Every structure is written in structure tokens, then in C-alpha cells.
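Thanks, everyone; I would like to take a few minutes to walk through one model with you. Please have the structure open as I speak, since I will move from one place to the next.

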Amino acid sequence: MNHKEYMRRAMELAAQAAKAGDVPVGCVIVKDGRIVGEGRNRREEHGDATAHAELEAIRDACARLGSWRLHECTMYVTLEPCPMCAGGIINSRIHTVRYGAKDDKAGACGSVLNLFEERFNHRPRLYGHLLEEECADQLQAFFQTLRQEE
């Protein structure tokens with residue numbers, strides 16, 4: 001698989017989140033060419049403010065790999081990580097983060113601030129804008145539907 005295919009899998013997970021009434025954000029974690037962690041937003045579903053796609057995927061990858069250190073992994077996420085998720089990325093030592101759409105309200109990878117440029121003990125490589133338009137369209141369609149239902 002290539003970068004776009006991994007992001008498309010994350011978009012499939014985001015679509016599942018939308019069907020469940022959650023903001024459509026999906027995430028996969030890849031090691032050695034295979035997906036080792038998956039997650040999607042479940043805040044509404046679980047009533048849990050921390051049930052973000054990235055943290056779900058990190059938990060899944062740690063469980064599958066038997067380690068909290070994900071230093072050989074790449075994360076693909078449809079929306080720029082927030083500060084909480086950026087903290088999870090730093091603490092799990094994820095090597096590379098590739099995200100789709102920017103988050104001008106809560107993005108912690110450059111839109112509001114970039115936590116990966118601070119003096120933490122780990123700085124992942126960061127690449128944005130992967131399938132950005134498709135990821136942004138998925139989010140916009142979800143919020144447009146919400147507004148129409150109100």
C-alpha cells in the first residue's frame with residue numbers, strides 16, 4: 001500500500017464515525033507496510049472527550065505490538081491532530097505523522113500552534129495535506145448535514 005491508500009483507509013474509518021453520529025475523523029498506524037492500529041472518533045458514542053481517532057489508534061497499535069513505543073510507526077489521520085492527540089503522538093514516540101485536512105480551530109501541527117516544534121523529548125516527522133481536499137470535503141459534508149437537521 002502507499003500513502004494515499006493508508007489515508008483512504010483512515011477515511012473509511014472516518015465515514016464509520018459519521019454514521020455513528022461522530023465527527024468523521026479516522027486514523028491508521030502503519031509499521032513495516034502493514035496496518036497495526038486503527039481508530040475513529042467515538043466521543044459521542046462513548047460520551048468520552050478523549051475518544052479521538054488518534055488515541056484509539058495508538059491504543060490499538062500498542063496492544064497489537066505489545067509495546068507503548070511506536071517509534072517505527074507512521075500515523076495517517078484525516079484531520080490535523082489536536083493538542084491532546086499531539087501529546088499522545090509525542091508520548092508514544094510515533095516516528096511520522098501524515099494528516100489530511102487542516103484544523104484551524106484546534107490543530108496542533110501548525111494551524112493554531114505546532115507542538116512538535118517545542119522542546120519535548122520526541123519530535124515526529126510531520127507531513128500535511130495528504131488527500132487534503134477529500135478529507136476536508138468529508139468533514140464539511142458531515143457538518144452541512146448536521147446544520148440541515150437542526
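Let me begin with helix H1, residues 3–19, and helix H5, residues 132–149, which in this predicted model pack at an angle of about 5°, with their axes 11 Å apart. Since angles under 35 degrees count as roughly parallel, H1 is therefore roughly parallel to H5. On the H1 side the residues that take part are Met7, Arg8, Met11, Ala14, Ala15 and Ala18, and they meet Glu134, Cys135, Gln138 and Phe142 on the H5 side. Sorted by class, this contact of H1 with H5 has seven nonpolar residues, one polar residue and two charged ones.

Staying with H5 for a moment, I turn to the largest pocket, which has a volume of about 540 Å³. Which element gives the largest share of its lining? That is H5, which supplies four residues. In total 21 residues line the pocket, and those that lie nearest its centre are Leu79, Asp103, Lys105, Leu139 and Phe143. By class, the lining is made up of 11 nonpolar, three polar and seven charged residues.

Next, please look just past H1, at aspartate 22, which sits in the loop between H1 and strand S1, residues 26–31. Is this aspartate 22 buried or exposed? Its relative accessibility is 1%, and because buried means under 20%, aspartate 22 counts as buried. Leaving aside residues up to four places away in sequence, aspartate 22 touches Ala17, the run Asn41, Arg42, Arg43, Glu44 and Glu45, and also Phe142, and Phe142 is one of the H5 residues that I named in the contact with H1. As for histidine 52, it is 30 residues from aspartate 22 in sequence, while the C-alpha to C-alpha separation in space is 9.9 Å.

Finally, two residues deserve a look for their backbone. Arginine 93, although not a glycine, has a positive phi of about 65°, and it lies in the loop between helix H4, residues 83–92, and strand S4, residues 96–101. With a relative accessibility of 22%, arginine 93 counts as partly exposed. Leucine 131, likewise not a glycine, has a positive phi of about 50°, and its place is in the loop between strand S5, residues 125–127, and H5. Here the relative accessibility is 11%, so leucine 131 counts as buried.

Note on methods: Residues numbered from 1 in each chain as written. Predicted model: local features only at pLDDT ≥ 70, side-chain atom pairs only at ≥ 80, totals over all residues. Heavy atoms only, no water. Axes fitted to C-alpha atoms, helices over the stretch in contact; angles between N-to-C directions. Helix = DSSP H or I, 4+ residues; strand = E, 2+ residues; numbered from the N terminus. Parallel < 35°, antiparallel > 145°, perpendicular 65-115°, else oblique. Contact = heavy atoms within 4.5 Å. Nonpolar A, V, L, I, M, F, W, Y, C, P; charged D, E, K, R; others polar. 1 Å grid on protein atoms, 1.4 Å probe; cavity = no way out; pocket = protein on both sides within 12 Å on 5 of 7 lines; lining within 4 Å. Points joined across faces, edges and corners; volume = space filled by probe spheres on them. Buried < 20%, exposed > 50% of the residue type's maximum accessible area, 1.4 Å probe, protein only.
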